[in-house]
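Good morning, and thank you for making time for this presentation. I will go through one structure, beginning with a loop and ending with the pockets.

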Amino acid sequence: MESGRSSKLVIGLCIVSAVLVCKLFYIQIVNKKYKTDALNNSMVYETIYPPRGFIYDRNGEILVDNSVMYDIMVTPREVQPFDTLALAALLDMDPQEIRDRMQEYRTYRTKIGWRTLVFRKQLSGEKYLRFAEVEYNFPGFAGRQRTRRHYPFNAGGNLLGYMSEVDGDYISRHPEYKAGDFVGKTGLEEANEAKLRGEKGYHIYLRDSRNRVLDRYEGGALDKPAVPGEDVYTTIDAHLQQFGQGLMDHKRGSIIAIEPSTGEILALVSSPGIDVDILADFSSHYDSLSRDPGKPMFNRAIQASYPPGSVFKLVNGLVGLQEGVLTPNMKYPCHDGYNYTKNLKLGCHHHRSPINFYEAVMMSCNSYFCYVLKSILENKRYANVNESFARWEEYVRSFGFGSPLGCDLPGELGGNVPKAERYNKIYGKGHWRFETVVSLSIGQGELGVTPLQIANLGATIANRGWYITPHIIRDTAERYNTPHYTEVSPEQFENVVQGMWMAVNKPVEYGATASLAAVKGLEICGKTGTAENPHGADHSVFICFAPRENPEIAVAAYVENAGFGATWACPIASLMVEKYLNGEISPSREWLEKQVREANLLNVPKKPKKKG
């Protein structure tokens with residue numbers, strides 16, 4: 001019995017021993033992972049940074065690519081006494097900064113250990129070659145190749161966006177990034193960071209007992225190659241973008257051009273803006289840009305909220321037509337304005353009276369659209385003004401106002417469309433009426449819109465009642481291919497289009513406010529706007545599209561403190577249309593381009609009288 005137990009025990013021990021031997025054989029001979037782990041303390045990982053993806057315009061022009069730069073790295077424990085002044089001259093550094101750095105390395109030598117740190121960032125190839133020739137004089141220092149963004153085409157710093165080095169807070173929220181990495185912070189660089197950044201790789205080296213770097217570990221078999229970033233293709237027309245920037249030089253505001261049938265943004269200009277020449281070294285200019293009173297880092301095209309001014313009359317007109325309280329031939333009087341109380345008058349420029357809807361759009365008559373909004377809010381179909389106003393709000397929001405459109409650029413804001421509840425809270429329910437909100441008739445009061453939303457209004461009218469979410473990346477995502485329909489039927493838009501065509505193509509003597517925008521053969525349709533500004537001179541606004549049938553481009557120009565819409569925004573937008581459709585500005589309008597380019601509207605001295 002005991003003999004049997006002994007035999008079983010021996011057999012069990014043999015089995016356990018065999019398992020352990022096999023396991024040790026697997027660990028030590030077959031599977032090299034454990035060997036690698038054991039060697040980790042004597043292994044050096046050198047990061048390989050991937051080239052970032054390129055950014056292209058709609059026609060294949062390169063907007064952003066890469067240039068080769070070099071970081072100078074230092075392994076403090078390998079540093080030997082060196083000529084500080086010589087190194088400072090080579091690296092364009094202050095000698096005292098080098099001394100301070102070396103002192104810091106000595107102070108934290110235990111914490112740093114044998115790590116290799118960045119000593120000098122983004123050295124040009126020419127400067128790196130100077131260093132490389134005498135690198136042997138500086139043990140512990142070495143160069144590492146990296147790429148830096150390069151901008152072969154001046155197509156909008158605010159649009160492209162800048163990059164900066166990640167900080168501790170960013171790393172805590174994005175652990176895939178490490179100190180020394182760069183990330184897109186604004187614009188297209190931020191919006192497409194996941195595609196553009198690529199994936200880092202590494203080389204593995206071994207150190208000997210004296211901590212000297214030897215050959216590649218396993219001959220490089222376990223190295224990981226870097227994966228280049230993906231290229232990004234935009235909807236931007238680089239030449240149109242550049243042309244628009246030139247028109248907005250020394251002006252404050254924005255231009256947005258959209259292809260109505262697709263929602264593709266052809267140009268998005270914010271002025272004053274960031275010049276592409278400083279994007280590659282943005283951190284050096286950040287402080288001065290952030291203190292600039294012109295706020296060049298603020299993307300006005302998608303982040304500024306303005307009163308839309310007279311271009312909003314088109315929306316009120318469409319609502320009135322759809323609600324049946326307005327017909328195109330309905331006439332209203334205008335005696336230099338609209339008296340909405342016994343003692344208060346909303347003024348208008350002098351013109352013939354009475355006029356119909358087409359003429360009201362053409363002339364931008366304030367009085368006419370006061371009558372229109374009054375008839376909307378006093379429509380007997382609704383129990384009270386609270387109910388009719390709520391319905392008006394639904395119409396307005398169906399045009400994309402009151403919330404972000406969903407553009408694929410980060411930071412887009414949504415503006416404001418007032419609700420009936422706002423006035424109920426201020427005046428009490430049942431204690432306010434049309435006269436309380438009369439300013440909404442002409443796009444003033446509590447309305448706030450972005451220039452992108454104004455441009456989208458132009459595209460919506462061009463499409464006769466629908467729009468596709470404006471976007472800047474060529475994308476097959478459903479939201480950038482799905483039409484959004486307003487609550488106004490398509491046939492009503494033809495009435496507005498007729499008025500906009502007359503505004504551009506009828507003579508000034510007939511009352512047209514936008515005849516300066518006319519270009520022979522282009523059939524431009526447009527609407528001027530002058531947005532009142534309580535803080536200074538009024539803003540100049542204009543929207544247009546062309547051709548009248550099957551439109552190819554819609555443009556909105558918003559120029560701060562520039563006065564009448566017909567004076568500056570109108571020619572700017574029409575020049576954009578002509579440039580895009582014809583490829584050049586006709587000799588007969590070169591004087592207009594020159595006048596716009598040379599105008600400095602940054603310091604307008606006084607506020608002009610209101611005009612549509």
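**A walk through the predicted model**

P547 sits in the loop that connects β18 and β19. Its peptide bond with A546 is cis, with omega near -15°. Helices and strands here are DSSP runs numbered from the N terminus, with H or I over at least four residues for a helix and E over at least two for a strand.

Before I continue, a word on the source: this is a predicted model, in which local features need pLDDT of at least 70 and side-chain atom pairs count only at pLDDT 80 or more, while totals for chains, interfaces and linings use all residues. Residues are numbered from 1 along each chain as its sequence is written, and side-chain values use heavy atoms, with hydrogens and water left out.

Let me stay with these two strands. β18 and β19 form a hairpin with six residues between them, and N550 in the turn has a positive phi of about 50°. Their pairing is antiparallel over seven bridges; two strands count as paired if DSSP finds at least two bridges between them. One bridge joins C544 to V555 of β19.

On the other partner, β11 (residues 253–259) pairs with β19 (residues 553–559), again in the antiparallel sense, over six bridges. There, I258 stands opposite A554, and G253 has V559 as its bridge partner.

These pairs belong to an open sheet of five strands, in the order β12-β11-β19-β18-β17, with antiparallel pairing. The edge strands, each pairing on one side only, are β12 (264–271) and β17 (525–531). From one strand to the next, the twist averages 5°. Helix α20 (residues 490–505) packs on this sheet and touches β17 and β18 (539–546), where contact means heavy atoms within 4.5 Å. The direction of α20 makes about 80° with that of β17; axes are lines fitted to C-alpha atoms, for helices over the stretch in contact, and angles run from 0 to 180 degrees between N-to-C directions.

How many residues of β19 are buried? Seven of the seven are, so the strand is largely enclosed by the rest of the structure. Buried means under 20% relative accessible area, exposed means over 50%, and partly exposed lies in between, for a 1.4 Å probe and protein chains only. In a regular strand, side chains alternate between the two faces of the sheet. For β19, I553, V555, A557 and V559 lie on one side and A554, A556 and Y558 on the other, all of them buried.

Next, a helix pair. α16 (residues 366–377) and α17 (residues 385–398) pack at an angle of about 115°, with their axes 8 Å apart. α16 contributes L373, I376 and L377 to the contact, and α17 contributes V385, S388, F389 and W392. By class, these are six nonpolar, one polar and no charged residues. Nonpolar covers Ala, Val, Leu, Ile, Met, Phe, Trp, Tyr, Cys and Pro; charged covers Asp, Glu, Lys and Arg; the others, Gly among them, are polar.

Several loop residues also deserve attention. A cis peptide bond, with omega about 0°, joins S353 and P354, and P354 is in the loop between β14 (345–347) and α15 (357–363). K295 has a positive phi near 50° and lies in the loop between α12 and α13 (300–303). Is R589 buried or exposed? R589 counts as buried, because its relative accessibility is 7%. R589 is in the loop between α21 (569–582) and α22 (590–598), and its contacts include L516, V519 and E578.

Finally, the pockets. The largest has a volume of about 1400 Å³ and is lined by 42 residues, with M73, T116, L117, V118 and R144 nearest its centre. Its lining divides into 18 nonpolar, seven polar and 17 charged residues. The second largest pocket holds about 700 Å³ of space. Of its 30 lining residues, R146, T147, M163, D181 and F182 lie nearest the centre, and β5 gives the most to this lining, with four residues.

On a 1 Å grid over the protein atoms alone, a pocket is an open set of points where a 1.4 Å probe fits, with protein on both sides within 12 Å along at least five of seven lines; lining residues have an atom within 4 Å of a point. Grid points are joined across faces, edges and corners, and a volume is the space filled by probe spheres set on the points.

Technical notes. Lists of a residue's contacts leave out its neighbours within four places in sequence.
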